[in-house]
Amino acid sequence: VKSEHLLRNLSLVALATNEKGGSASLDLVILDVIQLLQLLLSTSEQMTSLFISLPESVAEKFTTNLLLRESTLLTLSSSSQVRKGLEELILRCPKLSLVSFSWLIKALDNIPYSKEYTSEFFSVLDSLVSGDILSTGSVSRLG
């Protein structure tokens with residue numbers, strides 16, 4: 001139960017920070033949360049299952065919202081790092097990769113075609129379709 005609360009609170013911190021808009025310092029907070037989540041999810045499949053099953057679709061919102069984090073002129077680099085960090089998180093956790101695929105497909109309807117910040121979203125989707133996931137520094141195939 002404590003693990004579930006920790007995963008939920010970390011995710012909610014990142015989501016709340018994401019909603020405040022763009023600033024490089026807020027992006028650093030989100031990056032810290034992503035890195036901490038990556039460490040936690042790498043400890044066991046049970047931890048990943050807890051994250052995926054968080055109530056109120058927290059994991060889905062975390063994944064799709066941060067993967068589509070908008071950049072401003074002032075946060076172009078740091079927002080890109082957030083999206084790349086989340087891309088790595090998804091591709092390093094096989095169980096999360098499998099679940100994320102359906103989340104990303106569902107999110108396709110809400111993506112404006114003219115936005116420049118969608119490259120990481122489509123990169124993750126492409127990797128999931130082709131079955132390529134990251135595992136400790138190498139690329140392996142899903143399934």
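Reader: Why are α1 and α2 called roughly antiparallel to each other?

Author: Happy to walk through it, and please keep in mind that this is a predicted model. The axes of α1 and α2 cross at roughly 155°. Angles over 145 degrees count as roughly antiparallel, so α1 and α2 earn that description. Their axes come within 9 Å, and the crossing is left-handed.

Reader: Which residues make the contact of α1 with α2?

Author: From α1 come L6, L7, L10, S11, V13, A14, T17 and N18, and they meet L26, V29, I30, V33, L36, L37, L40 and L41 of α2. Sorted by class, this contact holds 13 nonpolar and 3 polar residues, with no charged residues.

Reader: What makes α1 and α3 oblique to each other?

Author: Here the axes cross at roughly 55°. That value is not under 35 degrees, not over 145 and not within 65 to 115, so it falls to the rest, which count as oblique. Hence α1 and α3 are oblique. Their axes come within 9 Å, and α1 passes α3 in a right-handed crossing. On the α1 side, S3, E4, L7 and S11 make the contact; on the α3 side, M47, L50 and F51 do. These residues divide into 4 nonpolar, 2 polar and 1 charged.

Reader: How do you know that L37 is buried?

Author: The relative accessible area of L37 is 0%. Buried means under 20%, so L37 qualifies. L37 sits in helix α2, which spans residues 24–41. Leaving aside residues up to four places away in sequence, L37 touches L7, L10, S11, F51, F62 and L89. The C-alpha atoms of L37 and L6 are 9.6 Å apart, while 31 residues separate the two along the chain.

Reader: Why is the pair of F51 and F62 called edge-to-face?

Author: A pair of aromatic rings is described by the distance of the centres and the angle of the planes. The structure holds 2 aromatic pairs. For F51 and F62, the ring centres are 5.8 Å apart and the planes stand at 90°. Centres within 6.5 Å make a pair, and planes over 60 degrees apart make it edge-to-face, so both conditions are met here. This pair links distant parts of the chain, with F51 in helix α3 and F62 in helix α4, 11 residues apart. At 0% relative accessibility, F51 is buried, and F62 is buried with a relative accessible area of 0%.

Reader: What makes the pair of F121 and F122 edge-to-face?

Author: The planes of F121 and F122 are at 80°, and the ring centres are 5.2 Å apart. Planes over 60 degrees apart count as edge-to-face, so this pair is edge-to-face. F121 is buried at 0% relative accessibility, whereas F122 is partly exposed at 37%.

Reader: How do you know whether E56 is buried or exposed?

Author: E56 has a relative accessible area of 57%. Exposed means over 50%, so E56 counts as exposed. E56 lies in the loop between α3 (45–52) and α4 (58–67). Although E56 is not a glycine, it has a positive phi of about 60°. For context, most residues other than glycine have a negative phi.

Reader: Why is S57 called partly exposed?

Author: The relative accessibility of S57 is 37%. Partly exposed is what lies between under 20% and over 50%, so S57 belongs there. S57 is also in the loop between α3 and α4, and its phi is positive too, near 55°.

How values were computed: Residues are numbered from 1 along each chain as its sequence is written. This is a predicted model: local features need pLDDT of at least 70, side-chain atom pairs count only at pLDDT 80 or more; totals for chains, interfaces and linings use all residues. Side-chain values use heavy atoms; hydrogens and water are left out. Helices (H or I, at least four residues) and strands (E, at least two) are DSSP runs, numbered from the N terminus. Buried means under 20% relative accessible area, exposed over 50%, partly exposed in between (1.4 Å probe, protein chains only). Rings of Phe, Tyr and Trp (its six-membered ring) pair if their centres lie within 6.5 Å; planes under 30 degrees apart count as stacked, over 60 as edge-to-face and the rest as tilted. Axes are lines fitted to C-alpha atoms, for helices over the stretch in contact, and angles run from 0 to 180 degrees between N-to-C directions. A crossing is left-handed if the near helix is turned anticlockwise from the far one by less than a right angle, and right-handed if clockwise. Contact means heavy atoms within 4.5 Å. Ala, Val, Leu, Ile, Met, Phe, Trp, Tyr, Cys and Pro count as nonpolar, Asp, Glu, Lys and Arg as charged, and the others, Gly among them, as polar.
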